[in-house]
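Me: I am new to this structure and would like to learn how to read it. May we go through it feature by feature?

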Amino acid sequence: MPGVPSGRGCDNCRKSKKKCDEAKPVCTRCARRGIECVGAGEKRYKFMMEEGPNTIAKKRRAVLPVADRKDVTRITSNPSNPVQLIAQGLVSAINPQTSLRYNMMWAYGGYLVLIPRRLGRGNDALDTAVDALVTTHRSYASCKEVTVSSLTKYSNALSALRRCLNNPKTATTSETLCAVSVMMITQHMLGTSGLKWTGHAEGAAKLLKARKTCAPQDAFERILLLALRGPVLFEGVFNPNINLTQEEWEELVVNELDASTLEGKALRNLALVPGILDRVKTNPDGLAGLLILQAEMKSLYTKTRSIVKLFGVELHEIENPGPKGPPNPLGLPPAWLHAHTQRLYSICITIALYMNYALVAMKAEDPDLIVDANYLAIETISIAENALQYRPFGGAFVIMGLVAAWMVVQDPKLLALLRGWIEDYGDDFDVPILDAATLAETFSRLDPFREESPVVWSETTEEAVYNPPVKEEVDSSRVVEVPS
């Protein structure tokens, strides 16, 4: 029977015995502390009756366990508003129990687990971006098709992001930067047209430049940039519109969370490449200056090849374990350990292939570069074969290495093999078959003696990214309507 009303304050204010203003969706006190606000405005009663076994069982089902970490949001079993529905959808999509084949957290970054508690706090760009991501992931995982609902929500998210960018108060916040990253993931699943960049990495770079620093501003950004720096860096090598200074590259790439790791060192090596190539273009010292710059690039290449070798040994030990099993300092499950090492190995090979291409373009007279390129290409094909079990999300990194190898090697048989694998993996995310002319234009950024064609980059401006003709960019034959 009903008892005495016990107040309408949120759970946190009640627990702290503080007055709650019951503001929606987050009370003022919880917003100031940056914590989840649950239960504000709900009518509660004390029941003056003995609780039997059935009553206790119902309460146990209704009460969720408190998360060990305060930055992970609890989602109620019955969401009461659209924001909670979006958050619940994201939590389901990044569930650690989800297979690597469709696990977004593994494929795109652990920062995704920190997003739910940031929803519903006034940043419409992040809320709509996550809504688009959840809808697109659901339809992709069910039928690998672009749905009308996915396109509509993606278009709405672009509009919201544009509004946030036009507002000085929200333009450079962590939430807006996070929204750009989420949009990048969504666009990856929707598919791209040719080698035109989605522009979201370029947008992220411009946001970082607008803040006068590429360094993380808080713990959340440190984890976010750990996932975002890769796409920005790999696109920045080719896209001249991402014109960060060497200091800005250093701020973006150096992250204390992995500063001493092999992959962190490999990314720092790659971040030095654009600067060297720019110095070759403006070299005032003729042949002597070119030889010095060739030596710098060769040194970076040698260091990166050493990292590649170490990852190759580590992957071999995992795929051919001895009696004691492979080393596993992170304590990952076997499949996760294999996929994780395989991905790092592939990324480092890709970096080495870029440097190999640049060295040849810089007219470095070294016959070993051709031999080495063939070896790296064969290793890339081996990775593609062994990553089949993790496709699509768990093998999304593979095509980048295959394309790099295709541009570097000259052996006709290897080129044929690589093209076949590119076509196969390209089907996962609707990447069209690439032709040599298109790739040559793209890779011209790594050739300091080749003039770039501005036409290739004409549609990568921020204006084009955030004012897109969405319906015109999508192949209508791929659009289907899937019941929500």
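Reply: Let us begin with one residue, bearing in mind that the model is predicted. Tyr154 has a relative accessible area of 6%, and a residue is called buried when that value is under 20%; Tyr154 is therefore buried.

Me: Where does Tyr154 lie, and which residues does Tyr154 touch, not counting residues up to four places away in sequence?

Reply: Tyr154 is part of helix 7, which covers residues 148-165. Leaving aside residues up to four places away in sequence, Tyr154 touches Ala132, Met183, Thr186, Gln187, Leu190 and His200. A separation in space can also be set beside a separation in sequence: Tyr154 and Thr135 are 19 residues apart along the chain, and their C-alpha atoms are separated by 9.2 Å.

Me: Is Ser159 buried or partly exposed?

Reply: Ser159 also belongs to helix 7. Its relative accessibility is 22%, and the class between 20% and 50% is called partly exposed, so Ser159 counts as partly exposed. The C-alpha atom of Ser159 is separated by 9.7 Å from that of Asp124, with the two positions 35 residues apart along the chain.

Me: How does one relate positions along a helix to directions in space?

Reply: An α-helix has 3.6 residues a turn, so residues three or four places apart point the same way.

Me: How many residues of helix 6 are buried?

Reply: Helix 6, residues 124-143, is mostly covered, with 14 of its 20 residues buried. The length of this helix can be checked as well: from first C-alpha to last it reaches 29 Å, close to the 28 Å expected at 1.5 Å a residue.

Me: What does the length check give for helix 15?

Reply: Helix 15 has 28 residues, 334-361, and should span 40 Å at 1.5 Å a residue; its end C-alpha atoms lie 41 Å apart, which agrees. This helix is mostly covered too, as 23 of its 28 residues are buried.

Me: What happens to the backbone just after helix 15?

Reply: Here one reads the phi angle. Just after helix 15, Lys363 takes a positive phi of about 65°, and Lys363 is a residue other than glycine. Lys363 lies in the loop between helix 15 and helix 16, and Ala364 is found in that loop as well. Ala364 touches Gln294, Leu359 and Leu369, residues up to four places away in sequence not being counted. Ala364 and Leu291 are 73 residues apart along the chain, with their C-alpha atoms separated by 8.4 Å.

Me: Which peptide bond is cis?

Reply: The omega angle is the one to consult. The bond joining Arg391 and Pro392 is cis, with omega about 5°. Pro392 is located in the loop between helix 16 (368-386) and helix 17.

Me: How many residues of helix 17 are buried?

Reply: Helix 17, residues 398-408, is mostly covered, and 10 of its 11 residues are buried. Among them are Val398, Ile399, Gly401, Leu402 and Trp406.

Me: How is the packing of helix 10 and helix 11 described?

Reply: One considers the approach of the axes, their crossing angle and the residues that meet. The axes of helix 10 (residues 219-236) and helix 11 (residues 246-253) come within 9 Å and cross at roughly 145°. Leu225, Arg229, Val232, Leu233 and Gly236 from helix 10 meet Trp249, Leu252 and Val253 from helix 11. By class, this contact consists of six nonpolar residues, one polar and one charged.

Me: How many cavities of 30 Å³ or more does a search of the whole structure find?

Reply: The search finds two cavities of 30 Å³ or more. The second largest holds about 30 Å³ of space, and its lining is formed by Pro274, Leu277, Asp278, Lys281 and Arg445. By class, two of these lining residues are nonpolar, none is polar and three are charged.

Me: What should I retain about the protein as a whole?

Reply: The protein has 21 helices and four strands. Buried residues make up 46% of its 484 residues. Of the contacts between residues at least 6 apart in sequence, 73% join residues at least 24 apart.

Terms used
Residues are numbered from 1 along each chain as its sequence is written. This is a predicted model: local features need pLDDT of at least 70, side-chain atom pairs count only at pLDDT 80 or more; totals for chains, interfaces and linings use all residues. Side-chain values use heavy atoms; hydrogens and water are left out. Buried means under 20% relative accessible area, exposed over 50%, partly exposed in between (1.4 Å probe, protein chains only). Helices (H or I, at least four residues) and strands (E, at least two) are DSSP runs, numbered from the N terminus. Axes are lines fitted to C-alpha atoms, for helices over the stretch in contact, and angles run from 0 to 180 degrees between N-to-C directions. Contact means heavy atoms within 4.5 Å. Ala, Val, Leu, Ile, Met, Phe, Trp, Tyr, Cys and Pro count as nonpolar, Asp, Glu, Lys and Arg as charged, and the others, Gly among them, as polar. On a 1 Å grid over the protein atoms alone, a cavity is a set of points where a 1.4 Å probe fits but cannot get out, and a pocket is an open set with protein on both sides within 12 Å along at least five of seven lines; lining residues have an atom within 4 Å of a point. Grid points are joined across faces, edges and corners, and a volume is the space filled by probe spheres set on the points. The expected span of a helix is 1.5 Å times one less than its number of residues.
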